[in-house]
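Colleague: Got a minute to go through this model with me? I'd like to hear what stands out.

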Amino acid sequence: MSRHVLFAVAAAVALLVSSELALSLPLAGLGPDLLILVVVAFGIGERPRTAATAGFVAGLVRDLLLTTPTGLSAFAYAVTAYGATLAGVPRGVGQAVGLFATATFSSQLLYGLGAVFLGPQVDPSPLPRMLFVTTAYNALISPLLMPLLNRVVRADSGVQVGE
Amino acid sequence: MWRRTLRDRVFIAILVLCTVTVLTLDFRTGILDGVAGTTSQAFGVLQTGVRSFVSPFESVVRTIGDLGSLRGENRRLRAENNRLRRLAETYADVARENARIQSLLRVEGAGGVRGVHARVVGASLSGLERSATINKGRDDGVVPDKAVLAAEGLAGRVSWAGTRTAKVLLITDAQSAVGVRIGTSGETGLARGTGGRNIEIELVSRAALDQGAVKTGDTVVTSGYQGGIFPPGLPVGRVENVTLAPRGTSYSISVRPFVRLSQLDVLAVAVGTELVESPPSPTPAAEE
């Protein structure tokens with residue numbers, strides 16, 4: 001199976017699990033954003049343009065499931081994936097967690113600011129909480145997902161995240 | 001590390017152009033509505049499948065959580081074997097759901113509402129949006145702009161309906177606005193979501209507020225203007241505080257919803273009304 005198909009499957013699973021966790025976790029309506037983890041993991045070791053394209057497409061699908069203006073997640077994920085790719089392959093779990101946490105914060109900030117300024121009646125007050133909680137969840141989850149991300153997304157490139 | 005070339009810069013320009021194009025298409029035309037509907041429909045079906053897979057595990061976890069409060073009862077049941085204990089846990093979960101459905105039916109009956117019952121299968125992917133996906137859609141009579149009830153009272157309204165799933169905009173979402181009546185004074189206002197835990201009531205008569213017509217602890221119910229989405233008398237929440245702005249120009253009325261929006265499971269979509277002789281009095285389950 002090509003990496004692109006694996007990426008598509010991993011992205012779809014990430015969306016489903018994120019939605020399920022937002023329903024089940026104790027902080028109402030807030031959960032991890034697994035999609036950005038998959039996007040960043042896919043982009044590591046790739047050309048920035050490839051990573052950004054993958055981020056744009058994944059973000060666009062996320063946008064289609066939300067009421068905020070379509071294109072905001074797409075742009076946020078694309079820019080984040082581009083930037084994360086420029087940062088290079090993380091060495092060690094600490095660097096990898098830092099990269100995933102920074103990418104989560106950046107993408108959520110870009111998306112949130114876009115939604116507040118362009119979205120109809122979007123209240124900015126939950127934005128800081130969303131940034132903090134989503135980043136914290138992703139930072140906690142990313143070490144657990146690293147073997148899975150390495151296996152599924154990095155299958156045939158030879159690059160290993162956090163090693 | 002990749003060197004940024006002219007091609008990369010051109011790519012970034014194209015990326016920005018694509019984003020602006022998508023945003024423009026979204027704002028100016030309805031072209032993306034169909035795509036979004038199809039995507040939501042497909043995602044909703046997958047969410048339903050995932051929820052049915054996850055629910056049994058969640059029930060076991062919840063039951064384990066409840067064991068702390070049932071310690072006394074557990075002492076009496078210590079002699080029971082493992083099989084019976086598992087059966088008891090299953091029964092407790094079924095009984096809990098049954099109680100919630102009974103409460104839901106009471107709220108429906110009190111509001112004179114004929115409801116389609118649905119299960120919540122997913123929550124919003126964004127922290128800026130308060131919504132839930134349910135496993136009933138147009139095939140079941142669920143259409144947009146219908147009130148949605150939980151066991152304790154009003155949960156929100158249908159914002160989008162596919163054939164088999166629908167999206168519910170919760171009353172705490174910043175885009176939600178509900179006409180309400182407050183306490184015994186009967187003052188009316190507009191309850192807007194804040195995106196946070198509570199909702200805020202606006203457009204209440206300043207003179208009435210100056211006279212103390214709205215107090216902490218007052219019950220808030222839907223006012224149900226003719227032609228509106230929400231039937232009258234549905235419990236919404238309780239006034240948590242009434243504060244005068246620092247310069248005394250306006251009041252802020254904060255209301256805590258009766259419905260525990262973080263624990264939604266079974267909901268009823270008000271697809272029709274039944275004749276009632278008098279408006280119901282709110283008896284929210286959350287007050288128990």
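Modeller: Sure, here is a quick run through the chain contacts, a helix pair, the domains and the confidence.

Modeller: It's a predicted model, where local features need pLDDT of at least 70, side-chain atom pairs count only at pLDDT 80 or more, and totals for chains, interfaces and linings use all residues. Residues are numbered from 1 along each chain as its sequence is written, while chains are lettered from A and ligands numbered from 1 in the order in which they are written.

Colleague: How many residues of chain A are in contact with chain B?

Modeller: 46 residues of chain A, against 39 residues of chain B. Contact here is C-beta atoms, placed from the backbone, within 7 Å.

Colleague: And which helix of chain A supplies the largest share of that side?

Modeller: H1(A), with eight residues. Helices H1 (3-24), H3 (48-64), H4 (72-86), H5 (92-118) and H6 (127-152) of chain A each supply at least two residues. Helices are DSSP runs (H or I, at least four residues) and strands likewise (E, at least two), numbered from the N terminus.

Colleague: What's the mix of classes on that side of chain A?

Modeller: 26 nonpolar, 14 polar and six charged residues. Ala, Val, Leu, Ile, Met, Phe, Trp, Tyr, Cys and Pro count as nonpolar, Asp, Glu, Lys and Arg as charged, and the others, Gly among them, as polar.

Colleague: Switching topic: at what angle do H3(A) and H4(A) pack?

Modeller: About 155°, with the axes 7 Å apart. Axes are lines fitted to C-alpha atoms, for helices over the stretch in contact, with angles from 0 to 180 degrees between N-to-C directions. That angle makes H3(A) roughly antiparallel to H4(A), a label for angles over 145 degrees.

Colleague: Which residues meet there?

Modeller: Among them, A:Ala51, A:Gly55 and A:Phe56 in H3(A), and A:Ala74, A:Tyr77 and A:Ala81 in H4(A). By class, the contact has 15 nonpolar, five polar and two charged residues.

Colleague: How is chain B divided?

Modeller: Into domain 1 (34-170) and domain 2 (177-258), with bounds from an automatic or database domain assignment. Their contact takes 13 residues from domain 1 and 12 residues from domain 2. On the domain 1 side, S4(B) gives the most, with three residues.

Colleague: What pLDDT does chain B average?

Modeller: 79, and 77% of the residues score at least 70; pLDDT is the predictor's confidence in each residue, from 0 to 100. Over residues 275-288 of chain B the pLDDT is below 50. Where pLDDT is low, the predicted coordinates should not be read in detail.

Colleague: What ipTM does the complex get?

Modeller: The predictor gives 0.80, with a pTM of 0.72.

Terms used: Two residues are in contact if their C-beta atoms, placed from the backbone, lie within 7 Å. Angles under 35 degrees count as roughly parallel, over 145 as roughly antiparallel, 65 to 115 as roughly perpendicular and the rest as oblique.
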